[in-house]
Amino acid sequence: MGERVTTPQPVSAGGLLDLIRSGRANTRAALQRATGLSRSTVGQRLDLLNRAGWLRHTTGASTGGRPSERIVFDPTHASVLAVDLETRHARAAVLDLTGTILAEHTGPLDITEGPDHVLDHVTRWFPDLIAAAGADPSRVCGVGLSVPGPVDWEVGRVVEPPIMPGWDRYPIRERLQEAYARHVGASLEGGPVPVLVDNDANLMALAEQQANHRDCGAFVLVKVSTGIGAGVVVDGHVYRGIDGGAGDIGHIRVHDRADALCMCGSYGCLAAVASGRALAKELSGAEGNAASGSDVRRLLAEGHPDAIRLAREAGRRVGEVLVTVVTLLNPGVLMLAGDLSGVPFMTGVRELLYQRAMPRTTANLQIVTSRLGDHAGLIGAATTVVEHLYSPARADARLAGILTPQSGRP
C-alpha cells in the first residue's frame with residue numbers, strides 16, 4: 001500500500017486570529033502569505049472576527065505608497081475576572097485581555113473555611129470590582145482562579161491539597177459559575193461563565209515568563225510561602241504533568257528530618273522544614289503571632305535576625321532539591337517568588353545550587369526574583385482564560401455560537 005497523503009486543512013478564522021494575536025501577521029497581505037488563502041477568503045474570515053468585535057484596524061506608517069492597514073487584536077472588547085486565593089487572604093481583579101489590571105481588591109479570607117464560603121465570599125466582590133473598572137458586566141468573558149494546591153486541569157478540581165481542607169475534588173468550576181450567576185448575572189455568551197482553575201505556581205510562572213522572559217524556552221518558578229510549589233513553562237506552555245501533579249516539590253522528602261510532620265500527613269517533606277509555615281512555627285515562640293508565610297515576610301522586612309537566619313537555611317534546603325530540578329530541566333531562568341523570596345533565601349539557594357550542580361547545568365542559568373510580585377497570580381489566571389477562549393478551535397466554536405447571518409455583535 002502507498003503512503004497515506006493528508007491534505008492540509010484551510011486556516012480558519014480562529015487560525016487567523018492566532019496569527020494576529022501573536023504578531024506573526026498583521027496585514028491582509030501577511031495573512032495571505034502565512035496561510036496560502038486567497039484574498040477573498042482572508043476577507044471573509046476577517047469579516048467574522050470584525051463582526052464579533054475582536055479586531056481593531058489601524059493605519060501603519062507609509063513607505064512611500066498607500067499606508068498599510070494594520071490589524072490587531074482589540075483587548076478592550078471584553079474583560080476577565082481573576083481570583084488569587086492564598087491561605088489567609090484573597091485577591092480579585094478585573095483585567096483587560098492583555099492582562100492589564102483595571103480594578104483590584106484584597107481582603108482577609110481563611111481558605112480553611114471551605115469552598116462554599118470562600119467562593120461565595122470572593123464572588124460578592126465582583127459587582128463592585130466591575131463597576132470600579134468601568135467595565136460592562138455583560139462583557140466579562142471568563143473567570144480565572146488561582147489556588148494553592150494541585151489541580152486536575154481538565155476537570156478544574158483540586159486534588160488532595162495539603163493546605164486546603166474540604167476542597168478535595170470539590171466542583172469549583174460549577175459552584176463558582178452558580179455564585180457568579182447570583183451576584184453578577186448572565187455571562188457574555190448567555191450560558192455559564194467560563195471558569196478556569198489552576199495551581200498558583202503554574203499561573204505565576206506563566207505570567208512571569210510571558211511578561212519578562214518570553215524568549216526563555218524552559219522557565220521554572222518556585223513559590224515559597226505557607227507551602228512550597230513550582231511552576232514550569234516550556235516553549236510558552238505550562239507543563240502540568242499527567243494530572244496536574246507536576247511541580248509539587250514541597251513534598252519531596254529531605255534526608256535528615258524524618259521527624260518533621262507535614263500538612264499532608266507525611267514526615268520529612270521539604271515543606272515541613274523550609275516553608276513559610278515551618279519557619280513561622282520556629283519563630284512563634286519568640287514572636288508569638290507568627291503563624292504563616294506572610295508573618296515571616298513581615299519579620300524579614302523588619303530585619304529580625306532569627307527570621308533572616310532561618311530564611312537562609314530554608315533557601316539551602318530548597319536549593320538542595322532544586323539541584324535535581326535544574327539538572328533535569330536545564331532551565332534558562334529559575335525565579336524565586338512568594339513570602340520568603342528575599343535576599344537571605346536567595347543566598348541560601350545560590351549556595352547549594354552552585355556548590356552541588358554541575359557547572360554545565362548552571363552556566364547559562366539566571367536566578368532571579370519575581371517582577372510581577374503579588375499580581376503574578378492574578379495576571380496568570382487572566383492569561384489562562386484568554387489563551388483558552390481565543391485559541392483557534394475555541395475561537396471558531398465561539399464564533400459559530402455568537403454570530404448568525406442576521407446579527408453581528410452578540
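**Helix pair, open sheet and a buried aspartate**

Helix H1 (residues 13-22) and helix H2 (residues 28-35) pack at an angle of about 120 degrees, their axes lying 11 Å apart; axes are lines fitted to C-alpha atoms, for helices over the stretch in contact, and angles run from 0 to 180 degrees between N-to-C directions. Helices (H or I, at least four residues) and strands (E, at least two) are DSSP runs, numbered from the N terminus. Leu16, Leu19 and Ile20 of H1 make the contact with Leu31, Ala34 and Thr35 of H2, where contact means heavy atoms within 4.5 Å.

This is a predicted model, in which local features need pLDDT of at least 70 and side-chain atom pairs count only at pLDDT 80 or more, while totals for chains, interfaces and linings use all residues. Residues are numbered from 1 along each chain as its sequence is written, and side-chain values use heavy atoms, with hydrogens and water left out.

Further along, an open sheet of 5 strands follows the order E12-E11-E10-E13-E14 with mixed pairing; two strands pair if DSSP finds at least two bridges between them. Strand E12 (237-238) and strand E14 (366-369) stand at the edges with a single partner strand each, so one side of each has no neighbour in the sheet. Helix H11 (residues 305-329) packs on the sheet, touching strand E10 (218-224), E11 and E13, and H12 also packs on the sheet, touching E10, E13 and E14.

The loop between strand E13 (333-337) and helix H12 (343-356) holds aspartate 339, which counts as buried because its relative accessibility is 15% (buried means under 20% relative accessible area, exposed over 50%, partly exposed in between, with a 1.4 Å probe and protein chains only).
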